[in-house]
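Here's a quick tour of one structure, written for the bench. Have a look at the sequence and the fold, then read on.

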Amino acid sequence: MAKPKRRYACTECGSVTHRWQGQCVDCSAWNTLVEEASETVFTAKHSLAGGGRQIVFEALNAPTAPLARRSTGIAEFDRALGGGIVPGSAVLMGGEPGIGKSTLLLQAAATMAKAGGLTIYISGEEAAGQVRLRADRLGLADAPLKLASATSVRDILTTLAAGPPPAMVVIDSIQTMHSDMIEGAPGTVSQVRASAFELIRFAKENNVALVLVGHVTKDGSIAGPRVLEHMVDVVMSFEGERSHQYRILRALKNRFGAVDEIGVFAMAGQGLTEVSNPSMLFLTGRDEPVAGSAVFPALEGTRPVLVEIQALIVRLQSGATPRRAVVGWDSGRLAMLLAVLEARCGLSFSSAEVYLNVAGGYRLTDPAADLAVAAALVSALADKPLPLRSVWFGEVSLAGEVRPVAHAGLRLKEAAKLGFDQACGPPDDNRDPGLATGQLRLAAMSTLASLVDRVMASA
Ligand SMILES: Nc1ncnc2c1ncn2[C@@H]1O[C@H](COP(=O)(O)OP(=O)(O)OP(=O)(O)O)[C@@H](O)[C@H]1O
Ligand SMILES: [Mg+2]
């Protein structure tokens, strides 16, 4: 049998060697190596409970420096980040082609550079001249921003390591980056992962705020490995209709803040301007109240989206079987809601055709839409418009009760942010009263009958 090896461990740092030395090679402390109980070759080979270094546990209340956020110079961007960008953090920014990712980041980087931070913008997609033209158009050409067009992660990190650590580095985009440590073309899963890993490691070690632009796939998720989203601290998505001038910046994940804040921008020739009061964004085209239309604060995962539900009721003179047509919602759920309205509130839809549409091609799966659908139906039946700036949410039971739904606070917050001033929803004692912000008033209703009374009473 082979002779078991002796092991010496440092009492200062836990480092293990197989030879006694006067000085620990890891922490340079003197006379701290002591022999550890020997182990057999078999146990050393077959158990992980030995042969490693001792890790040091820390107390939760050990002193730590408070989170130092830096302003990007763009308030809506800061808001979506949870109050500014954190040095040493990695942010992944996704968005459709041409939505304005490069524009936003160039504006943020230039503003930070003007404020005195060393800021670096690396474009892997566009030549430096192209970026310069954009900077010219945005009126930012005089910002002391360091600009380069490069795709080799080794070149980028070599250059960054040679100078003083920058405050912020923008990589546009991670799909164009190439690491020579592994095989494969840029944009492949392994290349994206390896490049991101190296860049993020540099950012963490040097306390640099890193922003990676990420391409999105057809369904809107960030292209490349899903693990990319786990590797970074913040995942943001830049959204909007390209034909429309408004853009919304959301955090989908944030290790340093909440994800329920959005940043709103308008795209113009001079770049993105901040929209601090975005209520007009949604309300344009809705300046006349219409009977049968209700706004529902929906949730997409944890992301609130305000959608309009439209109902049309047509009375039939003949005794023909009336049609029920639904676009964007479950037809079974509509039948149930009509039955509850009939049985619990005494409203009759049996001789009327009912059409229900969720505007904008949106598909609702959220059970909290019940109350908004009911409000649209009652409003259409009574031919009484609902208040223009009101939102409706809540789940309706077969007994005609309105039940609490998930994330009521998030829905209210979004509605308030988008300029709504009235919300009708279920009573909920557990709701954080601080969540309903701004001028939004909440009318709690516990039964469908009280909804009918309210709609009938409205002017
Ligand atoms: N001269 C201009 N006047 C007004 N708007 C412009 C002008 N040039 C570009 N834009 C706007 O900027 C958008 C392109 O922005 P940007 O290049 O930042 O998008 P991106 O998200 O980085 O796109 P990609 O994914 O292709 O890199 C265009 O879709 C357009 O809306
Ligand atoms: Mg771009």
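## Two buried phenylalanines

Phenylalanine 238 and phenylalanine 265 are both buried. Keep in mind that this is a predicted model.

What turns up when the whole structure is searched for aromatic pairs? Just one pair. It's made by phenylalanine 238 and phenylalanine 265: the ring centres sit 5.9 Å apart and the planes are at 80 degrees, so this one counts as edge-to-face. Planes over 60 degrees apart earn that label. Phenylalanine 238 belongs to strand 9 (residues 234–239) and phenylalanine 265 to strand 11, so the pair ties together parts 27 residues apart in sequence.

## Who surrounds the ligand

Strand 11 (262–268) shows up again around ligand 1: along with helix 3 (101–114) and helix 4 (128–137), it supplies at least two residues of the shell. Helix 3 gives the largest share, three residues.

In total, 14 residues surround ligand 1, and the closest are Gly98, Lys101, Ser102, Thr103 and Arg134. Sorted by character, the shell has four nonpolar, five polar and five charged residues.

## Contacts with ligand oxygens

Which kind of atom of threonine 103 lies 2.5 Å from an oxygen atom of ligand 1? A polar side-chain atom. With lysine 101, a backbone N or O atom is 2.8 Å from a ligand 1 oxygen. Glycine 100 also uses a backbone N or O atom, lying 2.9 Å from an oxygen of ligand 1.

As for cover, ligand 1 taken alone exposes 650 Å², and the protein buries 63% of that.

Conventions
Residues are numbered from 1 along each chain as its sequence is written. Chains are lettered from A and ligands numbered from 1 in the order in which they are written. This is a predicted model: local features need pLDDT of at least 70, side-chain atom pairs count only at pLDDT 80 or more; totals for chains, interfaces and linings use all residues. Side-chain values use heavy atoms; hydrogens and water are left out. A residue is near a molecule or strand if one of its heavy atoms lies within 4 Å of it. A polar contact is a pair of N or O atoms within 3.5 Å; within protein, one must be able to donate a hydrogen and the other to accept it, and residues adjacent in sequence count only if both atoms are side-chain atoms. Accessible areas come from the Shrake-Rupley method with a 1.4 Å probe; for residues, only the protein chains shown count as cover. Helices (H or I, at least four residues) and strands (E, at least two) are DSSP runs, numbered from the N terminus. Ala, Val, Leu, Ile, Met, Phe, Trp, Tyr, Cys and Pro count as nonpolar, Asp, Glu, Lys and Arg as charged, and the others, Gly among them, as polar. Rings of Phe, Tyr and Trp (its six-membered ring) pair if their centres lie within 6.5 Å; planes under 30 degrees apart count as stacked, over 60 as edge-to-face and the rest as tilted. Buried means under 20% relative accessible area, exposed over 50%, partly exposed in between (1.4 Å probe, protein chains only).
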